[in-house]
Protein chains: 2
Amino acid sequence: MKMALIGLGKMGANMARRLLRHGVEVVGHNRSQEIVQQLTKEEGLIPSENTLHAIQQLPSPRIVWLMLPCGAPTENMIQELIPLLDAGDIMIDGGNSNYHDSQRRGAMLAKHDIQYVDSGTSGGIWGLKNGYCLMVGGEKSAISEIEPILKALAPAEDRGWAHVGPIGSGHFTKMIHNGIEYGMMQALSEGLSLLKGKEEFNLDLGQITELWRHGSVVQSWLLDLTAEFLDKDQKLENIEPVVADSGEGRWTVSEAIDQGIPAPVLSLALHMRFASQDTPAYGNRLLAMMRNAFGGHAVQEKE
Amino acid sequence: MKMALIGLGKMGANMARRLLRHGVEVVGHNRSQEIVQQLTKEEGLIPSENTLHAIQQLPSPRIVWLMLPCGAPTENMIQELIPLLDAGDIMIDGGNSNYHDSQRRGAMLAKHDIQYVDSGTSGGIWGLKNGYCLMVGGEKSAISEIEPILKALAPAEDRGWAHVGPIGSGHFTKMIHNGIEYGMMQALSEGLSLLKGKEEFNLDLGQITELWRHGSVVQSWLLDLTAEFLDKDQKLENIEPVVADSGEGRWTVSEAIDQGIPAPVLSLALHMRFASQDTPAYGNRLLAMMRNAFGGHAVQEKE
């Protein structure tokens, strides 16, 4: 099995390592050359100088896996690759693309007889060790072709990867997965904040999260990771209370609106991230001024 | 180790089984005698006809574990037991009592020199097999005394149970645990509803939840159980869409208000349960009438 992997960032580099260690030949390409050289030296990656060079080193049908930031970087790379590929070649987008984009790209590539597969990829920095959870959309023929790759990336040959439906459904499933992740994270964070807030009991959050890992209903991988960092430091005073959000949380909430199906907790978990990003400051200023206006309540003025 | 277990309902009966199978002698008492007789025959429970009979069969200091519905049943039993117990005896409330009640009861029992321990107990119907997660509040001396019981109930001697703080903190920790559980459940249910709602992709929710169990960020015990029942039936057409709530979800939200700490997702998860209980019907009738009043929008009249 030989393939090209384009995009050797945090996710892509570890995926290259896992593939190489599972006997897949990987031609690597990345904008910056440093990681290419490192993986070549340490893991036996086949380096390439540019996309053309990467493609030329592949047997037919060529298999090209993209692991790039969603939006323009992925779109531009697909456009760059189209003239380099032949009918029957397979392109996989393993990044976090919007599923509407994946559907559009699948149709576009089909006009060139290039097979397109969208793979939602979960596992973060733990994927190298534990394997990645792969939610794969596309034609059965294309997915059969790349099966050895999926089996190498997954936690085991027979689990943690699946062909879930047509083109777009892989990224759709991954989008919903991330939406759920937002909600579960927020639920854990709110509950733990209430434990912390009960000063009278002086609770040890490291002890309690570790305790909950055994026999409780909230057992989860997120709890495992939380117990691990709380064991080292539970004051977290050096961490800014700002939580980033990426596309998939927003898209999940838009999807709920498109479907007309309520997802209030997933929506609110997203809005709480917005709130952490200092975006409600103007709204809170307005509220402080309104309370002042009708009730004469004091307003805190900035010094 | 010998103790009395009062309340052999769904939880209590399985706890008796686990204790007996781990070599603890258990005197059992229950309002209805059927389960007492069954456990006596099948598991070697020591039966008792009434609370006095149960207490009389215990060595000193007596250890009495209550596993009763919270509120009046627990309160009444404690009042009934006080005159039967002596100084130094230990009473454990393993049910889902409000932690304010547990604090009050601890102080009340202290006046009789009876030691009080509150144990938040998680594990549901799986506790018998997997062990219970026990969040224990009380004095160190009392908890040392009952340690063999906690070790028998927990998933293992060295994990899944902990002395988390003073009297009340066990039930407080369990309350927050259940609050988090509401949020995690709601997050999963909303996301899976959006997967189901995307009819175009015709997704197999049994396949996807099973897939997510391996290497994904949403790995959790709740997901394991969900994958299991979705594998058998994912239409769920025979299940009424009504979700009960118990005290702890409500108390968690009240606690957030008392502390002035935001817990919007846990609150909304609770309100979504209320909404499932048909309580918003009147509110929705009002909204339909308002839309009709200002916009002339049609109202669906009942046949």
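# Exercises on a predicted two-chain model

The crossing of H10(B) and H11(B) is left-handed. Keep that pair in view for the opening exercise, and remember throughout that the model is predicted.

## Exercise 1: H10 and H11 of chain B

Work out how helix H10 and helix H11 of chain B are oriented, and which residues bring them into contact.

**Solution**

- Step 1. Find the helices: H10 covers residues 205–212 and H11 covers residues 221–232 of chain B.
- Step 2. Look at the axes, which come within 8 Å and cross at roughly 155 degrees.
- Step 3. Angles over 145 degrees count as roughly antiparallel, and H10(B) and H11(B) are therefore roughly antiparallel to each other.
- Step 4. Pick out the contact residues. H10(B) supplies Leu205(B), Gly206(B), Thr209(B), Glu210(B) and Trp212(B). From H11(B) come Leu223(B), Ala227(B), Leu230(B) and Asp231(B).
- Step 5. Sort them by class: five are nonpolar, two polar and two charged.

## Exercise 2: H1 and H2 of chain B

Now treat helix H1 and helix H2 of chain B in the same spirit: at what angle do their axes cross, and with which hand?

**Solution**

- Step 1. H1(B) spans residues 10–21 and H2(B) spans residues 34–43; their axes come within 11 Å and cross at roughly 25 degrees.
- Step 2. Since angles under 35 degrees count as roughly parallel, H1(B) is roughly parallel to H2(B).
- Step 3. The hand of this crossing is right-handed.
- Step 4. On the H1(B) side, the contact uses Ala13(B), Ala16(B), Arg17(B), Leu20(B) and Arg21(B). Ile35(B), Gln38(B), Leu39(B) and Glu43(B) meet them from H2(B).
- Step 5. The class count is five nonpolar, one polar and three charged residues.

## Exercise 3: the sheet of chain B

Trace the sheet of chain B from edge to edge, then place two helices on it.

**Solution**

- Step 1. Follow the strand order S3-S2-S1-S4-S5-S6-S7-S8: these eight strands make an open sheet with mixed pairing.
- Step 2. Mark the edges, S3 (46–47) and S8 (161–165) of chain B, each of which pairs on one side only.
- Step 3. Start from the S3(B) edge. Strand S2 (residues 25–29) pairs with S3(B) in the parallel sense over two bridges, and Val27(B) has Ile46(B) as its bridge partner in S3(B).
- Step 4. Add helix H5 (residues 99–110) of chain B, which packs on the sheet against S5 (90–93) and S6 (115–122) and makes about 155 degrees with the direction of S6(B).
- Step 5. Add helix H9 (residues 169–197) of chain B, which touches S5, S6, S7 (133–138) and S8 and makes about 15 degrees with the direction of S6(B).

## Exercise 4: chain A, sheet and domains

Describe the sheet of chain A, and then how the chain is divided into domains.

**Solution**

- Step 1. Chain A has an open, mixed sheet of eight strands in the order S3-S2-S1-S4-S5-S6-S7-S8.
- Step 2. Check one pairing: S6 (residues 115–122) and S7 (residues 133–137) of chain A are antiparallel over five bridges. Within it, Thr121(A) is partnered by Leu134(A) of S7(A).
- Step 3. Helix H1 (residues 10–21) of chain A packs on this sheet, touching S1 (2–6), S2 (25–29), S4 (63–66) and S6, at about 165 degrees to the direction of S1(A).
- Step 4. Step back to the domains: domain 1 of chain A is 2–166 and domain 2 is 175–295. Their C-alpha centres are 32 Å apart, and the contact takes nine residues from domain 1 and eight residues from domain 2.

Definitions and conventions. Residues numbered from 1 in each chain as written. Chains lettered and ligands numbered in written order. Predicted model: local features only at pLDDT ≥ 70, side-chain atom pairs only at ≥ 80, totals over all residues. Heavy atoms only, no water. Pairing = 2+ DSSP bridges. Helix = DSSP H or I, 4+ residues; strand = E, 2+ residues; numbered from the N terminus. Contact = heavy atoms within 4.5 Å. Axes fitted to C-alpha atoms, helices over the stretch in contact; angles between N-to-C directions. Parallel < 35°, antiparallel > 145°, perpendicular 65-115°, else oblique. Left-handed = near helix turned anticlockwise from the far one by under 90°. Nonpolar A, V, L, I, M, F, W, Y, C, P; charged D, E, K, R; others polar. Domains from an automatic or database assignment.
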